[in-house]
Amino acid sequence: MDLRVIGRSGLKVSVLGLGCNNFGSRIDEAAAAAVVDASLAAGITFFDTSNSYGEGESEKFLGRALQGHRDEVVVATKFSSRVGESPYEVGASRKHLVAACERSLRSLGTDYIDLYYQHFPDPETPVEETLAALDDLVRAGKVRYAASSNFAGWQIVEAELLAAARHGTRFIASQSEWSLLERGIEAEVVPACAAYHVGVIPYFPLASGLLTGKYERGRPAPEGTRLAGGRYRDWLTDAKFDVIARLVDLGAEHGRSLLELAIGWLLAQPVVPSVLVGATRPEQVTANARAAEVRLSAEEVAAVSAATAQES
Ligand code: NAP
């Protein structure tokens, strides 16, 4: 498994990261441990969770599954999503951030977080307050690096310029939805990150599994899958299946699977250090790790871009 540095930082991560948002919601602790073990076996060093996933269980499952491996991996978690009823259990204020960090450290069973994300922008807290609180956590040895998630392009630039003016902790990466079925961040977020050497870490790279090919037009989603149960019926549109059909044809021409195109195209983007993929079973991790070895040619990248271009 290749490693890459994130943006303008010295933090190296595996090109495939394990997303742990299924832990404690769709899968129990034993299944989560099997997924983590398969990830370690495949050479994955990058594990992504949040204090909000599985109502807090995801951090606990991940921490226990990584016991004995803590120094060999990069553990990323997030703050700012609502984690309780009180007005102090959400957002990016210094008050909540410091409390959230202490809680995540306990849940993860570790004394430091490698990469600490602000999960969502908080319009009620000035970003300079958040950056200053992160500085303190870094100095206290509780956090190594900070990052943002779901920020608009202008918010990424604002945070970068404020951090530079303060000579303090900066956001080394931005985690955003990006896949061959959702390319909206290419308009503002990707150019902002490229200009300021901030890494872009895509989430939902498989569009919740749609880009694995296991869902078929006009057929019910296979039982037990994330999109089963009718809740996503309106989301499984003809327009998406049209794009997938074009990708499957293109893949057949080049000897690439849909999974290889979905992961390989993101890894071909210069701003992307790692692609975060979630899994419910060890075999999925193994297949995703194999796909993450593929390096698409410039011609293949251009063809995939053209086949998935979205109207702006
Ligand atoms: P995803 O990677 O697009 O989809 C993952 C799902 O696809 C799996 O749970 C699994 O679902 C299915 N799958 C994965 N590999 C497969 C394979 N090889 N063959 C068949 N099916 C496969 O979406 P995601 O896991 O939701 O997103 C990745 C990570 O990004 C999350 O875990 C989380 O850490 C992060 N995230 C961050 C935010 C944010 O706001 N910052 C938001 C969402 C996610 P089933 O087996 O259940 O069908």
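Start by selecting Ser208: this residue is buried, with a relative accessible area of 17%, under the 20% cut-off for that class. Keep in mind that you're looking at a predicted model. Ser208 sits in the loop between strand 9 and helix 7 (238-254). Check its backbone while you're there: phi is near 60°, a positive value in a residue other than glycine. For context, most residues other than glycine have a negative phi.

Next, jump to His197, which also has a positive phi, about 55°, although it is not a glycine. You'll find His197 in the loop between helix 6 (189-195) and strand 9 (199-203). Is His197 buried or exposed? Neither quite fits: at 47% relative accessibility, His197 counts as partly exposed.

Now click on the ligand. The space it takes is the largest pocket. Show its surroundings and you get 34 residues, the closest being Asn21, Arg26, Asp48, Lys214 and Thr280. Colour that shell by class and you'll see 14 nonpolar, 15 polar and five charged residues. Highlight strand 10 (275-278) and helix 9 (282-291) too, since each supplies at least two residues of the shell.

Time to look at some ligand oxygen atoms. Select Gln284: one of its polar side-chain atoms lies 2.9 Å from an oxygen atom of the ligand. Move to Ala207, where a polar backbone atom is 3.2 Å from a ligand oxygen. Then pick His119, which has a side-chain N or O atom 3.3 Å from an oxygen atom of the ligand. Finally, turn on the surface: the protein covers 94% of the 910 Å² of accessible area that the ligand has on its own.

Technical notes: Residues are numbered from 1 along each chain as its sequence is written. This is a predicted model: local features need pLDDT of at least 70, side-chain atom pairs count only at pLDDT 80 or more; totals for chains, interfaces and linings use all residues. Side-chain values use heavy atoms; hydrogens and water are left out. A residue is near a molecule or strand if one of its heavy atoms lies within 4 Å of it. A polar contact is a pair of N or O atoms within 3.5 Å; within protein, one must be able to donate a hydrogen and the other to accept it, and residues adjacent in sequence count only if both atoms are side-chain atoms. Accessible areas come from the Shrake-Rupley method with a 1.4 Å probe; for residues, only the protein chains shown count as cover. On a 1 Å grid over the protein atoms alone, a cavity is a set of points where a 1.4 Å probe fits but cannot get out, and a pocket is an open set with protein on both sides within 12 Å along at least five of seven lines; lining residues have an atom within 4 Å of a point. A molecule sits in a cavity or pocket if more than half of its atoms lie within 2 Å of its grid points. Helices (H or I, at least four residues) and strands (E, at least two) are DSSP runs, numbered from the N terminus. Ala, Val, Leu, Ile, Met, Phe, Trp, Tyr, Cys and Pro count as nonpolar, Asp, Glu, Lys and Arg as charged, and the others, Gly among them, as polar. Buried means under 20% relative accessible area, exposed over 50%, partly exposed in between (1.4 Å probe, protein chains only).
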